[in-house]
Amino acid sequence: MLLFCPTCANLLVIKQGFEANRFMCNSCPYVHNIRRKMVAKTYPKPKALDDILGSSEVWENVDNTEATCPKCSHTRAAFFQMQTRSADEPMTIFYKCLGCGNTWRD
């Protein structure tokens, strides 16, 4: 919870006083004693992660090549490359079997 100074509109900071904590302004002499317990918890919402290999849009306009599927031994697979690590690492190649739809990476 952010509180702002009613006098100069700067952000108030919490300082420990003699009897209780208080909100104080660093720019002007405004002080507001905290008389009750204040608790505010904010939990970040996790980002929705799309399944990179399962998304149908990913596989729409990709090339195919000769690659043996580890699941069904089909010899053709669609593929695309994606940078999954830092820029100095090689790109990761994702494959999708044209026979059974199995996905794997290289």
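In what order do the strands of the four-strand open sheet run, and is their pairing parallel or antiparallel? The order is 4-5-6-7, and the pairing is antiparallel. Keep in mind that you're looking at a predicted model. Besides that sheet, there's an open sheet of three strands, a set of four cysteines that a UniProt record marks as a binding site, and a nonpolar core of seven residues. Let's go through them by topic.

**The four-strand sheet**

- Strand 4 (63-66) and strand 7 (103-105) are the edge strands here: each has a single partner strand, so one side of each has no neighbour in the sheet.
- Going from one strand to the next, the twist averages 35°.
- Four bridges hold strand 4 to strand 5 (residues 76-82), and the two pair in the antiparallel sense.
- If you'd like a spot to look at in that pairing, find asparagine 64, which stands opposite alanine 78 in strand 5.
- Over in strand 6 you'll find threonine 92, which is buried because its relative accessible area is 11%, under the 20% cut-off.
- Not counting residues up to four places away in sequence, threonine 92 touches Phe80, Gln81, Met82, Thr84, Arg105 and Asp106.

**The three-strand sheet**

- This open sheet has the order 1-2-3, again with antiparallel pairing.
- Strand 1 (12-16) and strand 3 (31-33) sit at the edges with a single partner strand each, so one side of each is left without a neighbour in the sheet.
- The twist in this sheet averages 30° from one strand to the next.
- Strand 2 (residues 21-25) and strand 3 run antiparallel and are joined by three bridges.
- Here the pair to look for is arginine 22 and asparagine 33, with asparagine 33 sitting opposite in strand 3.
- A general reminder on how this works: strands of a sheet pair through backbone hydrogen bonds, in either a parallel or an antiparallel way.

**The zinc finger region and its cysteines**

- An unreviewed UniProt entry annotates residues 5-28 as "zinc finger region: C4-type".
- Over residues 5-28 the chain is 0% helix and 42% strand, and the end C-alpha atoms lie 9 Å apart.
- The unreviewed UniProt entry also carries a "binding site" annotation, covering Cys5, Cys8, Cys25 and Cys28.
- Those four span 24 residues in sequence, yet no two of their C-alpha atoms are more than 8.7 Å apart, so they gather at one spot.
- Cysteine 5 is in the segment before strand 1, and with a relative accessible area of 4% it is buried.
- Setting aside neighbours within four places in sequence, cysteine 5 is in contact with Asn10, Leu12, Cys25, Cys28 and Tyr30.
- Cysteine 25 is in strand 2, and this residue is buried too, with a relative accessible area of 7%.
- With neighbours within four places in sequence left out, cysteine 25 is in contact with Cys5, Cys8, Asn10, Leu12 and Tyr30.
- Proline 6 also belongs to the segment before strand 1, but at 60% relative accessibility proline 6 counts as exposed.
- Proline 6 and tyrosine 30 are 24 residues apart in sequence, while their C-alpha atoms are 8.3 Å apart in space.

**The nonpolar cores**

- The largest nonpolar core is made of Ala67, Cys69, Ala77, Ile93, Tyr95, Cys97 and Trp104, seven residues in total.
- Strand 6 (residues 92-97) supplies the largest share of this core, three residues.
- Alanine 67 is in contact with His74, Thr75, Arg76, Ala77, Tyr95 and Trp104, once neighbours within four places in sequence are set aside.
- Apart from this core lies another one of six residues, including Cys5, Leu12, Cys25 and Ile34.
- In general, nonpolar side chains of soluble globular proteins tend to be buried together.

**Why no disulfides?**

- With so many cysteines named above, how many disulfides are there? The count comes to zero.
- The sulfur of cysteine 5 has its closest cysteine sulfur in cysteine 28, 3.5 Å away, and that's too far for a bond because the cut-off is within 2.5 Å.
- Cysteine 72 is in no disulfide either: the nearest cysteine sulfur, in cysteine 97, is 3.6 Å away.
- At 36% relative accessibility, cysteine 72 counts as partly exposed.

How values were computed
Residues numbered from 1 in each chain as written. Predicted model: local features only at pLDDT ≥ 70, side-chain atom pairs only at ≥ 80, totals over all residues. Heavy atoms only, no water. UniProt positions renumbered as here; feature names shortened; annotations may be inferred. Pairing = 2+ DSSP bridges. Axes fitted to C-alpha atoms, helices over the stretch in contact; angles between N-to-C directions. Buried < 20%, exposed > 50% of the residue type's maximum accessible area, 1.4 Å probe, protein only. Contact = heavy atoms within 4.5 Å. Core = buried A, V, L, I, M, F, W, Y, C linked by side-chain atoms within 4.5 Å.
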